[in-house]
Amino acid sequence: MSLEIRDRLAGKIRDVEDFPKKGIIFRDITPLLKDANSFRETVVFIADYYRDKDINFVVSPEARGFILGAAIAYELGAGFIPVRKPGKLPYEVESMTYSLEYGKDEIQIHKDAVKKGDNVLVFDDVIATGGTAKATCSLIEKLGGKVVGVCFLIELTDLKGRDKLTDYDVFSIIKY
Ligand code: AMP
């Protein structure tokens, strides 16, 4: 991967200290999205990595994953499927719970979103602990889909989220 693009895009990520709580550095992608060239470059760069992989659908968890995920799907000529918090999807759902540092969280996908044999790319803006991405992959597999790749714009390497995704091809662009 060219260092230039990584540095260029990293320059568009804003670090916000103590958000949403003390001690967290939030990696804010809104300056990147606002810059037309960076937005387009990100989408095309990621899509290029998967172009020959016969992706049918891009699946992203809410909410920031939707923005780039949908654009990547469009660029690949693939469909887009949202994964959401409980109570947000209108039709029948499949659910997955996963552990957080304290407590549990749950995400859902429409039951008919993916079917056996579908090739799926999972995309989220940031991988932290990897719990959300792992649960998203599990939902896709529960419905019979194949996770062809798992992609993030930003990887927080200290949190070792990648270790939860050893069964998958994981690709990230900016590492902290
Ligand atoms: P994870 O711990 O990998 O399950 O991350 C949970 C969700 O929170 C992901 O969708 C990330 O996009 C988001 N997230 C976690 N940590 C950060 C952070 N430091 N900055 C921005 N987003 C984050």
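Student: In which loop does Asp18 lie?

Tutor: This is a predicted model, in which local features need pLDDT of at least 70, side-chain atom pairs count only at pLDDT 80 or more, and totals for chains, interfaces and linings use all residues. Residues are numbered from 1 along each chain as its sequence is written, and side-chain values use heavy atoms, with hydrogens and water left out. Strands (E, at least two residues) and helices (H or I, at least four) are DSSP runs numbered from the N terminus. Asp18 belongs to the loop between E1 and E2.

Student: What is the phi of Asp18 near?

Tutor: Most residues other than glycine have a negative phi. Asp18 is not a glycine, yet its phi is positive, near 60°.

Student: Which residue does a cis peptide bond join to Phe19?

Tutor: The partner is placed in the loop between strand E1 (14-17) and E2. With omega at about -5°, the cis bond joins Phe19 to Pro20.

Student: Where is Ala63 found, and which residue does a cis peptide bond join to it?

Tutor: Ala63 is in the loop between strand E3 (57-61) and H4. The cis bond, with omega again about -5°, links Ala63 to Glu62.

Student: Which residues come nearest to the ligand?

Tutor: A residue is near the ligand if one of its heavy atoms lies within 4 Å of it. There are 14 residues around the ligand. Those that come nearest are Asp124, Asp125, Thr129, Gly130 and Thr132.

Student: How many Å separate an oxygen atom of the ligand from an N or O atom in the side chain of Asp124?

Tutor: A polar contact with the ligand is a pair of N or O atoms within 3.5 Å. A backbone N or O atom of Arg27 is 3.0 Å from a ligand nitrogen. For the side chain of Asp125, the distance from an N or O atom to a ligand oxygen is 2.7 Å. For the side chain of Asp124, that distance is 2.6 Å.

Student: Which element gives the most to the shell around the ligand?

Tutor: The space taken by the ligand is the largest pocket. Two or more residues of the shell come from each of strand E2 (25-28), helix H5 (131-142) and strand E7 (119-127). The most, 4 residues, come from E7.

Student: Which element gives the most to the lining of the largest pocket?

Tutor: The lining has 39 residues, with Ala128, Thr129, Thr132, Leu156 and Leu159 nearest the centre of the pocket. At least two residues each are supplied by E2, helix H4 (64-76), strand E5 (93-99), strand E6 (104-110), E7 and H5. With 4 residues, the element that gives the most is E7.

Key:
A polar contact is a pair of N or O atoms within 3.5 Å; within protein, one must be able to donate a hydrogen and the other to accept it, and residues adjacent in sequence count only if both atoms are side-chain atoms. On a 1 Å grid over the protein atoms alone, a cavity is a set of points where a 1.4 Å probe fits but cannot get out, and a pocket is an open set with protein on both sides within 12 Å along at least five of seven lines; lining residues have an atom within 4 Å of a point. A molecule sits in a cavity or pocket if more than half of its atoms lie within 2 Å of its grid points.
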